[in-house]
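Let's take a friendly walk through a small set of features in this protein. Keep the picture open beside you as you read, and look up each residue when its name comes up.

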Amino acid sequence: MIIGIVATGKNWEIGKKNGLLFKLPGDMKFFRSQTENRVVVMGYNTLLSLPNSKPLKNRVTVVLCPEGVEPEGCIVYHD
């Protein structure tokens with residue numbers, strides 16, 4: 001089963017200046033509980049926006065990256 005978790009703004013935007021649109025503790029707790037010990041897929045800019053640009057703990061992190069970029073601790077796809 002594939003599940004997508006996305007928070008969007010009024011104009012369907014999902015981020016602003018390489019960060020989150022919202023900082024709601026309840027949403028962060030929900031995201032953590034739903035993704036721990038699972039696979040998460042994200043783009044390279046999302047990875048860069050995480051603390052220390054490191055993958056999330058207790059998750060398999062798949063990152064869609066530009067050619068030649070190989071972030072440590074992630075499964076990387078270039079296409």
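## Thr61, a buried residue

Thr61 is buried, with a relative accessible area of 2%. This value, like every other one in this report, comes from a predicted model. To find Thr61 in the picture, look in strand 2.

What does Thr61 touch, not counting residues up to four places away in sequence? The list is Val40, Met42, Pro55, Leu56, Cys74 and Ile75. One of these, Cys74, will come back later in the report.

## The chain as a whole

Now step back and view the protein chain, which has 2 helices and 3 strands. Starting at the N terminus, the elements follow the pattern α-β-α-β-β. Helix 1 covers residues 25–35, and helix 2 covers 44–49. Strand 1 spans 39–43, while strand 2 takes in 60–64 and strand 3 takes in 75–77.

How does the radius of gyration compare with that of a compact globule? A compact globule with 79 residues would have a value near 12 Å, and the protein chain has 13 Å, so the two agree. Along the principal axes, the C-alpha atoms fill a box of roughly 35 × 25 × 25 Å.

Two percentages add to this view. Of the 79 residues in the protein chain, 18% are buried. Among contacts with a separation of 6 or more, 17% are between residues 24 or more positions apart.

## The sheet

Here is a general idea to begin with. The strands of a sheet pair through backbone hydrogen bonds, and the pairing can be parallel or antiparallel.

In this model, 3 strands form an open sheet in the order 1-2-3, and the pairing is parallel. Strand 1 and strand 3 are the edge strands, each pairing on one side only. From one strand to the next, the twist averages 20°.

How many bridges join strand 2 to strand 3? There are 3, and these two strands run parallel. For a pair to look for in the picture, try Val63, whose bridge partner in strand 3 is Val76.

## Thr35 and its contacts

Another threonine to visit is Thr35, which lies in helix 1. Is Thr35 buried or exposed? Its relative accessible area is 8%, so Thr35 counts as buried.

Leaving aside neighbours within four places in sequence, Thr35 is in contact with Ile5, Val40, Asn58 and Arg59. With Arg59 there is also a polar contact, side chain to side chain, at 2.8 Å. Val40 is worth a second look: Thr35 has it among its contacts, and Thr61 touches it as well.

## Two cysteines without a bond

A disulfide is a covalent bond between the sulfur atoms of two cysteines. How many disulfides does a search of the whole structure find? The count is 0. Cys65 is in no disulfide, and its nearest cysteine sulfur is that of Cys74, 7.0 Å away.

Why is there no bond between Cys74 and Cys65? The sulfur atoms are 7.0 Å apart, and that is too far for a bond. As for accessibility, Cys65 is buried at 6% relative accessible area. Cys74 is buried too, with a value of 15%, which is under the 20% cut-off for that label.

## Exposed places in the loops

Let's finish with three residues found in loops. Asn37 is in the loop between helix 1 and strand 1. Its relative accessibility is 69%, so Asn37 counts as exposed. The phi angle of Asn37 is near 60°, a positive value in a residue other than glycine.

Asn52 sits in the loop between helix 2 and strand 2. Its phi angle is also positive, near 60°, again in a residue other than glycine. With a relative accessible area of 71%, Asn52 is exposed.

The third residue is Gly68, in the loop between strand 2 and strand 3. Is Gly68 buried or exposed? Because its relative accessible area is 67%, Gly68 is exposed. Gly68 and His78 are 10 residues apart in sequence, and the distance in space is 8.3 Å from C-alpha to C-alpha.

Methods
Residues are numbered from 1 along each chain as its sequence is written. This is a predicted model: local features need pLDDT of at least 70, side-chain atom pairs count only at pLDDT 80 or more; totals for chains, interfaces and linings use all residues. Side-chain values use heavy atoms; hydrogens and water are left out. Helices (H or I, at least four residues) and strands (E, at least two) are DSSP runs, numbered from the N terminus. Buried means under 20% relative accessible area, exposed over 50%, partly exposed in between (1.4 Å probe, protein chains only). A polar contact is a pair of N or O atoms within 3.5 Å; within protein, one must be able to donate a hydrogen and the other to accept it, and residues adjacent in sequence count only if both atoms are side-chain atoms. Contact means heavy atoms within 4.5 Å. A disulfide is a pair of cysteine sulfur atoms within 2.5 Å. Two strands pair if DSSP finds at least two bridges between them. Axes are lines fitted to C-alpha atoms, for helices over the stretch in contact, and angles run from 0 to 180 degrees between N-to-C directions. The radius of gyration is taken over C-alpha atoms; the globule rule is 2.2 Å times the number of residues to the power 0.38.
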